[in-house]
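Welcome! Let's walk through this one together, a question at a time.

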Amino acid sequence: MRLSVAWWNTSIAPTMRPNRAQRQDVKIFARMIDLMLAQMNYDLLCLGEVSPHIIAILRNRLRPYGLSIYEPNPDSLISAPHLAAIVRDDKLQLVEETKHLAIVDDRATYRTGWKLHFAMPDGLTLLQVFVVHWPSRLYGDQNGLDRNKLGMRLNDEITRVRTSDKEDCIIVMGDFNDEPFDHSVARYLQTSRDRHVVAKDGRYLYNPFWRHLGHRTPYSLGGDNAVSPSGTCYYASDRAARWKTFDQMLFSSGFFGHSPWHLDEKTVQVLDVGLYTPYVTSSTTKFDHLPISATLVREETNGRL
Amino acid sequence: VKKQMADFKSALKAGIDNAEIATKAKQEIAEVIRAVDAAVRDLTGQKVSIDIQPRQAGAPSTGIGISFTTKRGPYYAIMAVPGSGSNASIKKELARWEMPDRGYPCIVEFSDGRFTCEGKDGLERVLIMLLKAPATADAITEVRNSTTL
């Protein structure tokens with residue numbers, strides 16, 4: 001039994017300019033959605049920066065295929081980037097949701113995450129998913145945001161929902177606007193690049209995206225030195241390093257031998273496909289993030305629970 | 001080299017300072033809640049009051065034999081309760097409420113989300129959001145209208 005999960009910051013409708021998408025952008029967006037749902041068959045696809053209008057269109061188109069779409073924003077009193085989650089109904093059943101986990105200070109409201117609890121396909125395991133789109137560094141700096149607090153408060157929430165020392169199946173995914181090594185993610189959200197630490201100490205989350213900080217293949221004379229992404233998010237204006245690894249997925253100890261479900265780490269990937277990546281590095285479209293994905297596998301139990 | 005004694009005096013002084021900060025924070029939070037209560041009592045002709053009360057959550061079933069909810073056990077809630085001008089017995093929960101020993105950050109959770117208030121301004125902003133939520137108005141109206149003649 002397998003369950004595939006993915007995250008994509010679509011960049012198609014950011015909070016400040018929700019209607020900026022051109023006809024060409026919408027076509028590319030639709031082709032990517034088709035690729036991820038019809039060909040790659042993701043069971044849970046979380047999206048960032050999608051407008052209510054696009055969500056409404058998707059809802060109607062996806063329903064005949066047994067796919068539901070959830071969103072945290074309708075009727076919300078807080079302003080935050082629009083998120084959505086497309087779910088394959090025969091795989092995951094939504095059982096609980098908290099639309100906004102947020103920090104409120106004297107200046108602004110900052111969403112630390114969107115919490116979704118699903119019954120997994122075995123009907124026995126609770127999958128707790130936190131979808132994240134933290135504020136950009138520019139916005140944060142302008143508002144005096146302490147980015148470490150985003151990690152600290154999200155970690156508080158994850159600690160609160162844990163039901164055991166190590167068995168919980170928790171995934172945190174999204175656009176952190178911070179790298180795996182930044183304090184907000186590494187120290188305050190308590191993530192680790194060392195899965196042995198995570199397997200031993202349930203307080204930590206494993207971050208497989210340390211593997212995705214650089215180019216996929218090393219440079220060598222006569223080797224495959226084709227230009228490839230060295231991250232998930234492209235900043236053309238950064239002269240030193242155009243790619244950032246802002247999009248990440250984090251996994252709790254339950255996926256490392258403490259529950260029937262396991263992370264199949266070789267499937268963790270930054271989705272680099274010819275029909276889309278060139279648009280991310282091009283100045284002709286607004287796309288600047290590559291999708292990321294992973295697959296979870298349930299061990300065979302031969303009928304045992 | 002002689003090892004220095006642990007500085008118990010400084011530790012105790014820091015503890016006393018922290019206790020003072022926590023007491024002030026909790027007084028400040030109580031003032032904010034009292035201000036919300038005063039506004040609600042005023043608008044409802046003393047028929048509805050706001051109070052923080054202990055509650056107990058059950059474990060609703062998902063229908064597939066296993067409960068997946070994380071909202072179990074005792075908790076505190078911001079409640080709409082009958083005011084001094086009411087003889088009703090009904091009360092309605094407006095939001096879940098959490099406050100650590102140090103006062104802040106306190107947490108208000110209602111239909112719109114779970115909000116961590118980092119200080120007085122943050123708490124006031126969240127309570128304004130709570131009061132603007134349609135479900136809050138419905139709950140207050142229900143308590144007000146439940147007064148028997």
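A residue counts as buried when its relative accessible area is under 20%, and as exposed when that area is over 50%. Keep in mind that this is a predicted model.

Q: Is Gly122(B) buried or exposed?
A: A residue is called buried under 20% relative accessible area. Gly122(B) has a relative accessible area of 1%, so this glycine is buried.

Q: Which helix of chain B holds Gly122(B)?
A: Look at the stretch covering residues 120–132 of chain B. Gly122(B) belongs to that stretch, which is helix 2.

Q: Which residues does Gly122(B) touch, leaving out those up to four places away in sequence?
A: Contact here means heavy atoms within 4.5 Å. With sequence neighbours up to four places away set aside, Gly122(B) touches residues of chain A as well as one of chain B. They are Val104(A), Asp105(A) and Cys117(B).

Q: What distance separates the C-alpha atoms of Gly122(B) and Cys106(B)?
A: Along the chain, these two residues are 16 residues apart. In space, their C-alpha atoms are separated by 9.5 Å.

Q: What is the radius of gyration of chain A, and why does it agree with a compact globule?
A: Chain A has 305 residues, and a compact globule with that many would have a radius of gyration near 19 Å. The value for chain A agrees with this, because it is 19 Å.

Q: How many helices and strands are there in chain A?
A: Both kinds of element occur in chain A. The count is 7 helices and 15 strands.

Technical notes: Residues numbered from 1 in each chain as written. Chains lettered and ligands numbered in written order. Predicted model: local features only at pLDDT ≥ 70, side-chain atom pairs only at ≥ 80, totals over all residues. Heavy atoms only, no water. Helix = DSSP H or I, 4+ residues; strand = E, 2+ residues; numbered from the N terminus. Rg over C-alpha atoms; globule rule 2.2 N^0.38 Å. Buried < 20%, exposed > 50% of the residue type's maximum accessible area, 1.4 Å probe, protein only.
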